[in-house]
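Work through the exercises below with the model open. Each task is followed by a solution in steps.

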Amino acid sequence: MSEKEISSKEYYGFIAPRPTVCVSTIDEEGNANIAPYSFVTPVAFDPPLLAISSGLEKDTLLNARDMEGFVVVPLTESWMKKGIETEVSLPREKSEFEEVGLTEKKAEKIGPYHVKEAPVNIECEYWDEFHGEDHSLLIGKVVHISADERAIKNGRINLEELGSICHVKGEEFSVVKEAEKVERE
Ligand SMILES: Cc1cc2nc3c(=O)[nH]c(=O)nc-3n(C[C@H](O)[C@H](O)[C@H](O)COP(=O)(O)O)c2cc1C
């Protein structure tokens with residue numbers, strides 16, 4: 001087997017495809033913000049911690065820190081295009097929800113909005129951060145999960161019905177609709 005050396009900065013293309021979400025926040029004036037994130041990971045069960053890694057200057061990170069919360073919204077096939085389009089950078093007072101045609105819905109326990117079109121919305125309270133040179137790992141404590149009946153199968157997301165959207169790299173995405181059972185001894 002011949003080996004090819006790859007720049008260490010390209011590592012994330014080999015941790016792929018990555019489940020992709022939109023992260024919804026509000027600023028101090030209550031303006032809504034939403035953006036896609038694929039650097040996303042569960043961190044712990046007790047307390048239930050969930051983290052995203054964000055560029056240091058991004059509104060998502062600044063809002064989540066200032067307002068002490070954010071909503072993680074797993075991206076599914078029905079609103080895939082709009083969710084990805086929320087990447088657009090707008091002035092703080094303009095909402096990406098409105099820009100791409102998504103609907104804000106009041107959350108149960110925190111300030112930022114749910115995405116009405118999304119089957120699952122996960123509310124997180126700000127917990128902590130781990131700062132890197134260019135990104136910060138923003139850690140939230142899950143305080144509420146809203147899921148449509150049709151979004152649930154065997155205690156997990158109904159990916160067979162909904163299609164879980166994962167980012168590969170650049171313009172490439174996977175729509176995951178199959179879960180294979182692997183029997184373990
Ligand atoms: C599929 C996809 C995944 C992304 N994942 C991340 C990520 O994990 N971390 C990050 O900082 N930016 C990520 N981005 C870029 C942000 O979404 C983008 O910079 C956005 O404009 C940030 O918006 P904000 O400044 O309102 O937070 C991703 C973009 C796309 C399209």
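**Exercise 1.** Locate glutamate 68 in the predicted model, and classify its exposure and its phi.

Solution.
1. Glutamate 68 sits in the loop that links helix 1 to strand 6, just after helix 1.
2. Its phi is positive, about 60°, although the residue is not a glycine.
3. Glutamate 68 has 14 C-beta neighbours inside 10 Å. A buried residue needs 20 or more and an exposed one has 12 or fewer, so glutamate 68 counts as partly exposed.

**Exercise 2.** Apply the same steps to asparagine 154.

Solution.
1. Asparagine 154 belongs to the loop between strand 11 (152-153) and strand 12 (156-157).
2. Its phi is near 50°, again a positive value in a residue other than glycine.
3. Within 10 Å there are 7 other C-beta atoms, so asparagine 154 is exposed.

**Exercise 3.** Find which residues of helix 1 are buried, and which strands they pack against.

Solution.
1. The buried residues of helix 1 are Thr60, Leu61, Asn63 and Ala64.
2. In an α-helix, residues three or four places apart point the same way, because there are 3.6 residues a turn.
3. The buried residues of helix 1 pack against strands that include strand 2, strand 3 and strand 5, as well as strand 6 (69-74), strand 9 (120-131) and strand 10 (135-147).

**Exercise 4.** Describe the shell around the ligand by residue, element and class.

Solution.
1. The shell has 17 residues, of which Ala35, Phe39, Lys58, Asp59 and Thr60 come nearest to the ligand.
2. Two or more residues each come from strand 3 (32-37), strand 5 (49-55) and helix 1 (59-67).
3. Strand 3 gives the largest share, four residues.
4. Sorted by class, five residues of the shell are nonpolar, nine are polar and three are charged.

**Exercise 5.** Characterise strand 3 and its pairing with strand 2.

Solution.
1. Five of the six residues in strand 3 are buried.
2. Strand 2 (residues 21-26) runs antiparallel to strand 3, and six bridges join them.
3. One bridge pairs isoleucine 26 with alanine 32 of strand 3.
4. The hairpin has five residues between the strands, and glycine 30 takes a positive phi near 90° there.

**Exercise 6.** Place two cis peptide bonds of the model.

Solution.
1. The bond from alanine 16 to proline 17 is cis, with omega near -5°; proline 17 is in the segment before strand 1.
2. The bond from aspartate 46 to proline 47 is cis, with omega near 0°; proline 47 is in the loop between strand 4 (40-44) and strand 5.

Definitions and conventions. Residues are numbered from 1 along each chain as its sequence is written. This is a predicted model: local features need pLDDT of at least 70, side-chain atom pairs count only at pLDDT 80 or more; totals for chains, interfaces and linings use all residues. A residue is near a molecule or strand if its C-beta atom, placed from the backbone, lies within 6 Å of it. Ala, Val, Leu, Ile, Met, Phe, Trp, Tyr, Cys and Pro count as nonpolar, Asp, Glu, Lys and Arg as charged, and the others, Gly among them, as polar. Two strands pair if DSSP finds at least two bridges between them. Two residues are in contact if their C-beta atoms, placed from the backbone, lie within 7 Å.
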